[in-house]
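Reader: I would be grateful for a close examination of the surroundings of the ligand and of the elements that pack around that part. Please state the criteria behind each term as it is used.

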Amino acid sequence: MSTTPHVPRAAHPAAILVVEDSATQAAALVALLEDAGHTVHAARSAEAALARLADHALVLDLVLSDVVMPGKSGYDFCRALKADPARRDLPVVLLTSLGDPLDIVRGLECGADNYVTKPFTPADLLARLDRVLTTRALRRAAPPGSGIAVTFLGTPLTVTSSPAQILDLLVSSFEELVRSNDALRAAEAEREAALVRERAARLEAEAARRRADEARDVAEDANRAKGDFLAMMSHDLRTPLNAIGGYTWLIRKGIRGPVTPEQVADLDRIRHNQAHLLAIVNDVLNFARVEKRDVPLVPTAVPVGALCEGVHAIVGPQLVERGLEYVYAPCDPSYVAWADRDRVEQVLVNLLSNAIKFTSHGGRVTLGCTADASRVRIAVTDTGIGIPPERLGEIFDPFVQVDARRTGTQEGVGLGLAISRNLARLMDGDLTVESTPGEGSCFTLALPRAAAEDIAALQAAASAEAE
Ligand code: ADP
């Protein structure tokens, strides 16, 4: 029982007998009841209480008894008390721990008038005693045969049903309560189980996120190490390759002495392979730099039409050599991209070289532009071999070649598109593809459109140069 500093005064100060075997509990009860204005007698056992009650000169209004006591229990005590006709009307309130709902039924059986469940607050106990005392006062005041007076939530009521009906009603209501209580307990247990499950799921999600973070860190470290290695290796390979090229040229020119026509042919083969190897090494170095974002970009307003006309000059000889038709629809002069000019040119030359490489004699390569409010798009379309749909997702990955045998060429190592897309993205653009095997492919480079003031600055610079 908890103690409160302010004990409410009893509505009906009464003479109360407290039956409690625990000295501490008894002392606390006596103090509480006296503070509320009651007169209190105490007995430490049922037997002692019955002895006190045998003295009919002792005037009492209520008995408050513990249930579990050595010797006679509270139930037995109540039964013995109610067997005494002189004390039958004395209300008995049992203090029960209500471990089992049957405790209440046992209380009813032994004739107890009410009960207080432990643990209780002083206010609970005093209110319950007041209720019993009020009901008793009402009953005493009611004329005989007018029914049973009770209070419900503080309102006095008169019940005229027969005691058997009342008891039946009470027991059924009580059964109902016990059932609802069981249902509540089950719901509470299920709620707790759900909370435990939710907590476990949250912990598992957190652990999974931590594992994913760790895995990403490891992958990023490995990627960095790979990039560093590629950059270092290709850099170191370029020096001896350039030396091979230089000395081959010296011998080929006869600077080191006369060379036979067969030696010239061999030296040309060495030069060709050296150039091919150097191109691959340069690709690897380029890729490593782009991946590490180690590429100096100088974005400016780039008139797309002029740029497209310029790249034709670079790939023109290849187009002629392969016998391909070249179609260029001149770009609208208002199409100006905001990008690094040299990098855009590098990407376009790569796309055009691929289109030429993968289109057979008599085919067509088309270069065209479109634009909307925010982007300029340059499309390189060919009527070549196309790319199978299941490989489209991977051709921008490094070192991917759909089928080196199909192309019948040894050029490249599958880095051109990876570099191109990385460059496009570094410039806030993108590179995408659409393709149909046997019909051809269309690669589209999208770039941010230059702002009006950048275009104006570009035009001002151009007219100043013209003057
Ligand atoms: P590389 O040209 O060195 O092989 P890329 O990264 O430029 O490397 O291209 C990767 C692969 O994508 C090529 O090997 C080829 O299989 C495919 N590809 C690229 N462009 C075309 C194209 N225009 N038509 C058909 N296949 C292409």
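**The ligand shell and its supporting elements**

Author: Helix 11 gives the largest share of the shell around the ligand, 3 residues. The model is a predicted one, in which local features need pLDDT of at least 70, side-chain atom pairs count only at pLDDT 80 or more, and totals for chains, interfaces and linings use all residues. Residues are numbered from 1 along each chain as its sequence is written. Helices (H or I, at least four residues) and strands (E, at least two) are DSSP runs, numbered from the N terminus.

The ligand is surrounded by 20 residues, of which Gln-401, Val-402, Gly-412, Gly-416 and Leu-417 are the closest; a residue counts as near if its C-beta atom, placed from the backbone, lies within 6 Å. Two or more residues of this shell come from each of helix 9 and helix 11 (416–426). By class, the shell holds 11 nonpolar, 8 polar and 1 charged residues. Here Ala, Val, Leu, Ile, Met, Phe, Trp, Tyr, Cys and Pro count as nonpolar, Asp, Glu, Lys and Arg as charged, and the others, Gly among them, as polar.

The next topic is the sheet. Its 5 strands form an open sheet in the order 9-11-12-14-13, with mixed pairing; two strands pair if DSSP finds at least two bridges between them. Strand 9 (325–328) and strand 13 (430–436) are at the edges with a single partner strand each, so one side of each lacks a neighbour in the sheet. Within the sheet, strand 11 (residues 364–371) and strand 12 (residues 375–382) pair in the antiparallel sense over 7 bridges. Val-365 has Asp-382 of strand 12 as its bridge partner.

Helix 9 packs on this sheet and touches strand 11, strand 12 and strand 14 (440–448), its direction making about 20° with that of strand 12. Helix 11 also packs on the sheet, touching strand 13 and strand 14, and its direction makes about 135° with that of strand 13. Contact requires C-beta atoms, placed from the backbone, within 7 Å. Axes are lines fitted to C-alpha atoms, for helices over the stretch in contact, and angles run from 0 to 180 degrees between N-to-C directions.

Helix 9 (residues 341–357) also meets helix 8 (residues 304–322): their axes come within 10 Å and cross at roughly 25°. The two helices are therefore roughly parallel to each other, a term for angles under 35 degrees. Among the residues making the contact are Leu-307 and Ile-314 of helix 8 and Leu-348 and Leu-352 of helix 9. By class, this contact has 10 nonpolar, 3 polar and 3 charged residues.

Conventions
Parallel < 35°, antiparallel > 145°, perpendicular 65-115°, else oblique. Contact = placed C-beta atoms within 7 Å.
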